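Hello,

Here is the structure I said I would hand over. Please open it beside this message and follow along; what I found comes after it.

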Amino acid sequence: MPAVSNVNDVARYIIENHGPMTAMKLQKLLYYCQAWSLVWDEQPMFDDEIEAWANGPVIPTIYSQHRGTFKIEKWSSGDTSKLSKDAIETIEGVMSFYGDKTAQWLSDLTHQEDPWVQARKGLAPGEPGSNVITTASMHEYYSSLSD
């Protein structure tokens, strides 16, 4: 099943509707948008792969656009009008829970959760890695939290 949105549409929506934030925080919020879309909407929000980097989940296609930037003021890629009603509801649900948390808090949280931990197997803490966090592992883990 193809994803309902493009990751840039989601990134742009978050920045335009929730204001500037650090690149690390945006990455973690996009990760949680994907995770909860899998649970609540039963489909991925976007097709881009998420990798288990040392500082938590990272979407390389987004990273390549903000590399070297600490704080993101605006996101010029993407088109928020392409987001479905379900996608917007999921993004807003994620933002209402995770949106006021710091980037470090979000990163620490992902480090305690199975999808990131499983994808990092065999890597030392802080060691660079590009293992993919599968949507299957995300769906299984976050579904168990919503029971």
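A good place to begin is where helix 2 meets helix 5: Met24, Lys25, Lys28, Leu29, Tyr31 and Tyr32 on the helix 2 side touch Ala103, Gln104, Leu106, Ser107, Leu109 and Thr110 on the helix 5 side. Sorted by class, this contact holds 7 nonpolar, 3 polar and 2 charged residues. Please keep in mind throughout that this is a predicted model.

Helix 2 covers residues 23–40 and helix 5 covers residues 103–111; their axes lie 8 Å apart and the packing angle is about 45 degrees. The two are therefore oblique to each other, since an angle of that size is neither under 35 degrees nor between 65 and 115. The crossing of helix 2 past helix 5 is left-handed.

Helix 1

Helix 1 takes in residues 7–18, which is 12 residues. From its first C-alpha to its last it reaches 16 Å, close to the 16 Å expected at 1.5 Å a residue. Its buried residues are Val7, Asn8, Asp9, Val10, Ala11, Tyr13, Ile14 and Ile15. What covers them? The cover includes strand 1 (21–22), helix 2, helix 3 (60–66), strand 4 (71–72) and helix 4 (85–98).

Two of these partners can be described in detail. With helix 2, the axes come within 11 Å and cross at roughly 120 degrees. Helix 1 and helix 2 are therefore oblique to each other, and their crossing is right-handed. Helix 1 contributes Val7, Val10, Ala11, Ile14 and Ile15 to the contact, while helix 2 contributes Leu26, Leu29, Leu30 and Cys33. By class, that gives 9 nonpolar residues, no polar and no charged. An α-helix has 3.6 residues a turn, so residues three or four places apart point the same way.

With helix 4, the axes of helix 1 and its partner again come within 11 Å, and they cross at roughly 55 degrees. That makes helix 1 oblique to helix 4. The crossing is right-handed. Here Val10, Tyr13, Ile14 and His18 of helix 1 meet Ile88, Ile91, Glu92 and Met95 of helix 4. The classes in this contact are 6 nonpolar, 1 polar and 1 charged. Val10 and Ile14 are named in the contact with helix 2 and also in the contact with helix 4.

Serine 37 and the loop after helix 2

Serine 37 is part of helix 2. Is serine 37 buried or exposed? With a relative accessibility of 1%, serine 37 counts as buried, because the cut-off for that is under 20%. Apart from neighbours within four places in sequence, serine 37 is in contact with Glu42, Gln43, Pro44, Met45 and Thr90. Aspartate 114 is 77 residues from serine 37 along the chain, and their C-alpha atoms are separated by 17 Å.

Two of the residues that serine 37 touches deserve a separate note. Glutamate 42 sits in the loop between helix 2 and strand 2 (51–53). Glutamate 42 is not a glycine, yet its phi is positive, at about 55 degrees. Its relative accessible area is 61%, so glutamate 42 is exposed.

Proline 44 is found in that loop between helix 2 and strand 2 as well. Proline 44 has a relative accessible area of 17% and is therefore buried. Between the C-alpha atoms of proline 44 and aspartate 9 the separation is 14 Å, with the two positions 35 residues apart along the chain.

Asparagine 131 and helix 7

Asparagine 131 belongs to the loop between helix 6 and helix 7. Its relative accessibility is 35%, so asparagine 131 counts as partly exposed. Which residues does asparagine 131 contact, leaving aside its neighbours within four places in sequence? They are Ile50, Glu51, Ala52, Ala119, Lys121 and Leu123. Alanine 52 lies 79 residues away from asparagine 131 along the chain, but their C-alpha atoms are separated by 5.6 Å.

Helix 7 spans residues 135–145, and its buried residues are Ser137, Met138, Tyr141, Tyr142 and Ser143. These pack against helix 2 and helix 6 (114–119). Helix 2 therefore appears in several places above: against helix 5, against helix 1 and under the buried residues of helix 7.

Regards

Note on methods:
Residues numbered from 1 in each chain as written. Predicted model: local features only at pLDDT ≥ 70, side-chain atom pairs only at ≥ 80, totals over all residues. Heavy atoms only, no water. Axes fitted to C-alpha atoms, helices over the stretch in contact; angles between N-to-C directions. Helix = DSSP H or I, 4+ residues; strand = E, 2+ residues; numbered from the N terminus. Parallel < 35°, antiparallel > 145°, perpendicular 65-115°, else oblique. Left-handed = near helix turned anticlockwise from the far one by under 90°. Contact = heavy atoms within 4.5 Å. Nonpolar A, V, L, I, M, F, W, Y, C, P; charged D, E, K, R; others polar. Expected span 1.5 Å × (residues − 1). Buried < 20%, exposed > 50% of the residue type's maximum accessible area, 1.4 Å probe, protein only.
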